[in-house]
Amino acid sequence: MSDKISLSLRVNGASHALSVAPERTLLEVLREELRHTGTKRGCDQGSCGACMVLVDGEPVFSCLSLAVTLRDREITTIEAVEAGNELHPIQRALVQHGAVQCGFCIPGIVITAKALLDRNPHPTVDEIRHALGSNTCRCSGYARIVEAIASLTGERP
Ligand code: FES
């Protein structure tokens with residue numbers, strides 16, 4: 001077993017002093033050390049997007065990111081996207097458009113959509129589809145997911 005490394009991770013605005021083996025991924029640390037289980041483990045190899053988090057505002061596969069490389073970076077998980085008990089507008093739109101089926105992919109999709117809308121509040125439908133290219137919905141509910149996100153921008157798929 002590898003020697004652990006001490007580091008401080010900033011997650012959702014709070015600093016966490018941790019001792020982490022160098023091979024541990026951010027996904028493992030979030031779920032198993034910090035109990036932020038809203039971030040999901042799907043494929044564990046960078047294909048499905050279920051594990052998506054923001055690092056300095058950019059969407060990142062937490063299953064492919066080593067925790068020890070993320071010192072002093074601002075990590076945002078789905079737990080910080082809601083404002084108190086209020087759903088984020090992206091979450092509300094997904095619910096209103098019937099875009100949530102089994103729900104497993106939804107945290108990653110919300111994170112990806114948030115990164116897109118923070119960067120570009122008025123993406124075209126093609127830009128929405130392109131941004132969601134890293135997220136797999138195993139229920140294949142893409143049409144309603146795109147429709148929900150487009151409803152926030154005034155676009156129609
Ligand atoms: Fe990370 Fe699938 S669990 S991309």
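1. A definition to start with: two residues count as in contact if their C-beta atoms, placed from the backbone, lie within 7 Å. On that basis, take the contacts in the chain between residues at least 6 apart in sequence: 56% of them join residues at least 24 apart. Please keep in mind throughout that this is a predicted model.

2. Now the overall layout. The chain contains 5 helices and 5 strands, and reading along the sequence gives the pattern β-β-α-β-β-β-α-α-α-α. With a radius of gyration of 16 Å, close to the 15 Å from the globule rule for 157 residues, the chain is as compact as a globular protein of that length.

3. Two further figures for the whole chain are worth having at hand. Its C-alpha trace spans about 50 × 25 × 25 Å along the principal axes. Of the 157 residues, 36% are buried.

4. On to the sheet, which is a good place to begin when you turn the model around. The sheet is open, has 5 strands in the order β2-β1-β5-β3-β4, and its pairing is mixed. Its edges are formed by β2 (14-20) and β4 (58-61), each of which pairs on one side only. On average, and ignoring direction, neighbouring strands of the sheet are turned by 40° against each other.

5. At the β2 edge, the partner is β1 (residues 5-11): the two strands run antiparallel and share 7 bridges. If you would like one pair to look at, R10 has S15 in β2 as its bridge partner.

6. At the other edge, β3 and β4 are likewise worth a look: they pair in the antiparallel sense over 4 bridges. Here V53 is bridged to V60 of β4. The hairpin of these strands has 2 residues between them, and D56 takes a positive phi near 50° there.

7. Which strands does helix α3 touch where it packs on the sheet? The answer is β3 (52-55) and β4, and the direction of α3 (residues 106-119) makes about 35° with that of β3.

8. Finally, a closer look at the faces of β4. P59 and F61 belong to its covered face, whereas E58 and V60 belong to the uncovered one. V60 therefore deserves a second glance in the viewer: this residue of the uncovered face is also the bridge partner of V53.

Notes:
Residues are numbered from 1 along each chain as its sequence is written. This is a predicted model: local features need pLDDT of at least 70, side-chain atom pairs count only at pLDDT 80 or more; totals for chains, interfaces and linings use all residues. Two strands pair if DSSP finds at least two bridges between them. Axes are lines fitted to C-alpha atoms, for helices over the stretch in contact, and angles run from 0 to 180 degrees between N-to-C directions. A residue is buried if 20 or more other C-beta atoms lie within 10 Å of its own, exposed if 12 or fewer, and partly exposed in between; C-beta atoms are placed from the backbone. The radius of gyration is taken over C-alpha atoms; the globule rule is 2.2 Å times the number of residues to the power 0.38.
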